[in-house]
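Please open the model in your viewer and keep the sequence beside it, since this tour moves from one selection to the next and says what is found at each stop.

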Amino acid sequence: ESGGPCVPNEETGGIFGDEYAQCLEDIKREYIVGTAIASMIGCLLMGLVANLPIALAPGMGMNAYFTYSVVGWRGGGSV
């Protein structure tokens with residue numbers, strides 16, 4: 001068990017089953033939307049409050065570094 005919201009069911013194929021794959025796709029979409037919303041809020045705050053029209057979206061690439069280098073594929077990293 002990964003401890004995440006997607007739990008493989010051995011009766012439907014485990015980690016190779018369609019139900020588990022669909023759950024992983026849903027989680028991936030939620031993370032993408034969450035990252036986009038966080039970037040939008042950061043850009044709006046920088047533009048309106050700080051009066052610095054700097055787009056922060058390119059800086060969100062650190063999320064990918066952290067995810068794949070530090071945490072690892074499906075949480076299998078050394079954290």
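Begin by selecting I41, a residue of helix α1, and keep in mind that the model on the screen is a predicted one. With a relative accessibility of 44%, I41 counts as partly exposed, because that value falls between the 20% and 50% limits.

Now widen the selection from I41 to V33, I37, M40, L44, L45, L48 and V49, which together with I41 make a nonpolar surface patch of about 800 Å².

Next, move along the chain to the charged residues. How many salt bridges does the count come to? The total is two, and each can be visited in turn.

For one of them, select E25 and K28, whose side chains meet in a salt bridge with an N to O distance of 3.5 Å. Both of these residues lie in helix α1, which covers residues 18-48, and they stand three residues apart, about one turn of the helix. If you colour the pair by accessibility, E25 comes out as partly exposed at 34%, and K28 is likewise partly exposed, with a relative accessible area of 45%.

For the other, select D26 and R29, where the side chains meet in a salt bridge at 3.2 Å, again taken from N to O. This pair too lies in helix α1, with three residues from D26 to R29, about one turn of the helix. D26 is partly exposed at a relative accessible area of 31%, while R29, with 47%, is also partly exposed. As a general matter, side chains of opposite charge can pair when their charged atoms come close.

The last stop is a covalent link between cysteines. A search of the whole structure finds one disulfide, and to see it you should select C6 and C23, which are joined with an S to S distance of 2.0 Å. The two cysteines come from distant parts of the chain, 17 residues apart, with C6 in the segment before α1 and C23 in helix α1 itself. If you display the torsion about the S-S bond of C6 and C23, the angle is about -90°, so the disulfide is left-handed.

Before leaving this link, keep C6 selected and turn on the surface. Is C6 buried or exposed? C6 is buried, because its relative accessible area of 6% is under the 20% limit.

How values were computed:
Residues are numbered from 1 along each chain as its sequence is written. This is a predicted model: local features need pLDDT of at least 70, side-chain atom pairs count only at pLDDT 80 or more; totals for chains, interfaces and linings use all residues. Side-chain values use heavy atoms; hydrogens and water are left out. A salt bridge is a side-chain nitrogen of Lys or Arg within 4 Å of a carboxyl oxygen of Asp or Glu. Helices (H or I, at least four residues) and strands (E, at least two) are DSSP runs, numbered from the N terminus. Buried means under 20% relative accessible area, exposed over 50%, partly exposed in between (1.4 Å probe, protein chains only). A disulfide is a pair of cysteine sulfur atoms within 2.5 Å. Patches are made of residues with over 30% relative accessible area and no salt bridge: like charges are joined within 9 Å, nonpolar side chains (Val, Leu, Ile, Met, Phe, Trp, Tyr) within 5 Å. Accessible areas come from the Shrake-Rupley method with a 1.4 Å probe; for residues, only the protein chains shown count as cover.
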